Amino acid sequence: MLDGCTPWPDDLVRGYLAAGIWQRTTLAEALEMRAQSDGERVFVSDRDASLTYRQVDRLANRLAAELLALGLRRGDVVLMQLPNVREFVLLFFAFHKIGVVPVLCLPAHRRFEIEHFARVTGAVAHFFQQGFRGFDFAGMSSEIQLRTPTLRHRISIGRGTESGVVWAGPWLEDSARTQVIAPPCPTGRPDPFDVAFMLLSGGTTGVSKLIPRTHADYLFNARECARVLDWNADTIYVVGLPAAHNFALGAPGLVAALAVGGSVALASSTEPEEVCSTIERTRANVLPVTPASLVTLLDSPARHRYQLASLAQICVGGQRMQPELFDRLRAAFPRAEPIHAFGMAEGLTNLSRPGDPLAIRRETQGRPVSRLDEIRIVGEDGAEVDAGAVGELITRGPYTIRGYFRNPEHNRSAFTADGFYRTGDLVRMHPSGNLVVEGRKKDLVNRGGEKISAEEVENLILAHPKVQRAAVVAMPCRVMGERVCAFVVTKAGVSLTLGELNEFLLTKQIARFKLPERLEVVDSFPCTAIGKLSKQALRERVAQQLAPSATD
Ligand code: J2J
């Protein structure tokens, strides 16, 4: 395995292999097999083009050959920061053909995050779409390159003129030079049991942690999702959330569609207009949403302007969907199956089953997709709680990681000695065997499914010259579920506004979605009985202040 990863114990690996749970197939081989068996079927479409399995495979080969020509090699880590465009899929599979390991960054990330990922991984290249949503990715990448010596290549999809950038657009056009069918791989093909890509954790403490996922574990995860949702070759999945997110990528998403020979339609944003027009254009039948994007969709007049009757399943995840929202969803899309998805980039996917009684689907967040997922609900002492009681969910299994990348210190607290991942989610077991998410232990803000580490934002706020103490908590919001609220004790005699604070935070070049949306300047922080800062009291305070308008 890639240096800095924690492998599964040998005996388990042998068992998974013997039972066919892990297969000797890489993600690229999964695509190649489809290109053989279902070559003419559409695999990927975006606004501009529709590509069959065979076309995706060939184009991925071409890209792989170009990447090799640039000097990229098996085991190299690269940063992939692309929106939902077909090049995302083409590059994703090109990397897997030659064993290059992409870190799946979000287009919303900025220098602060990307530079951190580059440093931790020693990434050799940064892939982006120059000018996406008006942002100068090439400029940001150049600044990162100056400060990160390993970063040799800055590569943009499309064409352009910025100097120092390699443009991938021409690689995808027909010309004699790009008529490569199969890339020669000087260092051999990648190993199915090695790391295929890295996802990002929301970060329970400090900055995001990197989550190494192997070909074998991810394909198993995706196959199990497709199986429990009864997907087949007619499945058309709308990638209506960032494709770099585990939910849309495979659990259950793009890779799950590949596992059954289905297809994916890339929506370029989560805006209702774009999502609805993509559904109408492609007659898509599965839509993933977060509760936040679902509220926006239900509130939007766009949904009445498009033909959405093809939708057969709507998967809601990333945050808890309240029963009232479930009812609105049922009323708006009576013919679509509502599916709860309670998953995590670290592994474990819980899904409600299409056959579960509606009353259970309304109240619960589903159950593990594989019978090999081990789950326990434990109390503070680590012992299992009584049946039906609330405790922390811990889990291990054939697709849940055993450790974050290059982070032994955090791994010691994030995993139990016997390899269970501590999810930080507080859950209880419903009599039906499904889980109900009741809250969380981890200190983050879940803003519309986007996870924001409180500690990360606090550390940045503390760097402000006027700030003495800072605490970041979630405040309720009807649409987003939660938003970031910053409590600050300022230094003696100075005042601070939200605008001033955010202006400062933006100079740190962080993703905008992490910016506080409310600032409370206080004289002191409330304490718990043992003298620790009580975030609970702060959360209650802001929730109370917002009470009449928390529905904004
Ligand atoms: C409550 N909390 C939830 C839900 C995730 C499918 C769906 C979502 C994710 C995801 C994913 C929740 N109800 N339905 O990877 O494959 C919170 C929990 C969890 C954390 C993981 C997938 N669905 N959550 O959201 O890695 O706190 O994955 O531990 O981004 O989101 O976040 P993430």
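**Exercise 1. Strand E12**

Which residues of strand E12 (residues 286–289) point one way, and which the other way?

*Solution.* The structure is a predicted model, in which local features need pLDDT of at least 70 and side-chain atom pairs count only at pLDDT 80 or more, while totals for chains, interfaces and linings use all residues. Residues are numbered from 1 along each chain as its sequence is written, and side-chain values use heavy atoms, with hydrogens and water left out.

Step 1. Strands (E, at least two residues) and helices (H or I, at least four) are DSSP runs, numbered from the N terminus.

Step 2. Val286 and Pro288 point one way from E12, and Leu287 and Val289 point the other way. In a regular strand the side chains alternate between the two faces of the sheet.

Step 3. All of these residues are buried; buried means under 20% relative accessible area, exposed means over 50%, and partly exposed lies in between (1.4 Å probe, protein chains only).

Step 4. E12 runs parallel to E13, and four bridges join them. Two strands pair if DSSP finds at least two bridges between them. Valine 286 has glutamine 313 in E13 as its bridge partner.

**Exercise 2. An open sheet**

State the order of the strands in the sheet that contains E17, and identify the edge strands.

*Solution.* Step 1. The sheet is open and consists of four strands in the order E17-E18-E19-E20, with antiparallel pairing.

Step 2. Strand E17 (374–378) and strand E20 (435–440) are the edge strands, since each pairs on one side only.

Step 3. On average, neighbouring strands of this sheet are turned by 45 degrees against each other, direction ignored. Here axes are lines fitted to C-alpha atoms, for helices over the stretch in contact, and angles run from 0 to 180 degrees between N-to-C directions.

Step 4. E17 and strand E18 (residues 391–396) run antiparallel and are joined by five bridges. Among the paired residues, valine 378 has glutamate 392 in E18 as its bridge partner.

**Exercise 3. Salt bridges**

Explain why the pair of arginine 406 and aspartate 3 ties together parts that are far apart in sequence, and examine two further pairs.

*Solution.* Step 1. A salt bridge is a side-chain nitrogen of Lys or Arg within 4 Å of a carboxyl oxygen of Asp or Glu. By this rule the count is 38 salt bridges.

Step 2. Arginine 406 and aspartate 3 form one at 3.7 Å, N to O. Arginine 406 lies in the loop between E18 and helix H15 (408–414) and aspartate 3 in the segment before helix H1 (10–18), so the pair joins parts 403 residues apart in sequence. Aspartate 3 is exposed because its relative accessibility is 57%.

Step 3. In the pair of arginine 328 and aspartate 299, the closest N and O atoms are 3.0 Å apart. Arginine 328 is in helix H13 (residues 323–332) and aspartate 299 in helix H11 (residues 291–299), 29 residues apart.

Step 4. Arginine 320 and glutamate 438 meet at 4.0 Å, N to O. Glutamate 438 is in strand E20 and arginine 320 in the loop between strand E13 (313–317) and H13, so this pair ties together parts 118 residues apart in sequence.

**Exercise 4. Aspartate 76**

Is aspartate 76 buried or exposed, and which side chain of opposite charge is nearest?

*Solution.* Step 1. Aspartate 76 is found in the loop between helix H3 (53–70) and strand E3 (77–81).

Step 2. Aspartate 76 is buried yet has no salt bridge, and the nearest side chain of opposite charge, arginine 152, is 4.3 Å away. Lys and Arg count as positive and Asp and Glu as negative; His and the chain ends are not counted.

Step 3. Leaving aside neighbours within four places in sequence, the residues in contact with aspartate 76 include Gly71, Val124 and Arg152, where contact means heavy atoms within 4.5 Å.
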